[in-house]
Amino acid sequence: MQSITKTYLIDTIYRMINTSIQLHRQSKNNSHYNEVYPVATDEEMIDFIVTIPYFDIDLKDFLLGNVKEETVIISQSWEIEFIKKCTAWANSYEWLEGDEYYLSDAHISSLMRQANCLSLPY
């Protein structure tokens, strides 16, 4: 078990989405961002967290700073699962295409029902 911060998890997500952020921007006709912002912006990070169907609401609230806790105690297997789920979403058609249909509440809800949502380990 190890204690990690919200910042550590956010940095992990940044690394995951930066590998495909250019494709995501192209689908939204925001490819001009690539010249000004070579890495994901804070808004894109928030969009990623809000739309990822593999995290439950408590984990999303933790990542978005909507709760008081700044640290959490996790196992190595939880961290590995976190990385897998971030990678899966960062490379998913839904995230890369990012249009309104694929990010609609109905579509995301159907993905959430199919997925095992990761939750905070406490």
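A residue is called buried when its relative accessible area is under 20%, exposed when over 50%, and partly exposed in between (1.4 Å probe, protein chains only). Gln 22 counts as partly exposed because its relative accessibility is 28%. Welcome to this structure, which is a predicted model: local features need pLDDT of at least 70, side-chain atom pairs count only at pLDDT 80 or more, and totals for chains, interfaces and linings use all residues. Residues are numbered from 1 along each chain as its sequence is written, and side-chain values use heavy atoms, with hydrogens and water left out.

**The overall layout**

The protein chain holds 8 helices and 2 strands. Helices (H or I, at least four residues) and strands (E, at least two) are DSSP runs, numbered from the N terminus. Read from that end, the order of elements is β-α-α-α-α-α-β-α-α-α. Of the 122 residues in the protein chain, 42% are buried. About 6900 Å² of the chain is exposed, and carbon and sulfur atoms supply 52% of that area; accessible areas come from the Shrake-Rupley method with a 1.4 Å probe, and for residues only the protein chains shown count as cover. A contact means heavy atoms within 4.5 Å. Among contacts with a separation of 6 or more, 70% are between residues 24 or more positions apart.

**The nonpolar core**

A nonpolar core is a set of buried Ala, Val, Leu, Ile, Met, Phe, Trp, Tyr and Cys residues joined through side-chain atoms within 4.5 Å. The largest one has 29 residues, of which Ile 13, Phe 48, Phe 55, Leu 59, Leu 63 and Phe 82 touch the most other members. At least two residues each come from H1, H4, H5, strand E2 (71-74), H6 and helix H7 (93-97). H1 gives the most, with 6 residues.

**A cluster of rings**

A pair of aromatic rings is described by the distance of the centres and the angle of the planes. Rings of Phe, Tyr and Trp (its six-membered ring) pair if their centres lie within 6.5 Å; planes under 30 degrees apart count as stacked, over 60 as edge-to-face and the rest as tilted. This rule gives 4 aromatic pairs, including the two below.

| Pair | Centre to centre | Angle between planes | Type |
|---|---|---|---|
| Phe 55 and Phe 82 | 5.2 Å | 15 degrees | stacked |
| Trp 78 and Phe 82 | 5.5 Å | 20 degrees | stacked |

Phe 55 and Phe 82 link distant parts of the chain: Phe 55 sits in the loop between helix H4 (42-51) and helix H5 (57-64), and Phe 82 in helix H6 (residues 76-90), 27 residues apart. Trp 78 and Phe 82 are separated by about one helical turn, because they are 4 residues apart in helix H6. Ring pairs join Phe 55, Trp 78 and Phe 82 into a cluster. Phe 55 and Phe 82 are both buried; for Phe 82 the relative accessibility is 1%, and Trp 78 counts as buried at 9%.

**Around helix H2**

Gln 22 belongs to helix H2 (residues 21-27). Gln 22 and Val 39 lie 17 residues apart in sequence and 8.6 Å apart in space, C-alpha to C-alpha. In the loop between helix H1 (6-18) and H2 you will find Ser 20, which is buried at 4% relative accessibility. Leaving out residues up to four places away in sequence, Ser 20 touches Ala 90, Asn 91, Trp 95 and Leu 96.
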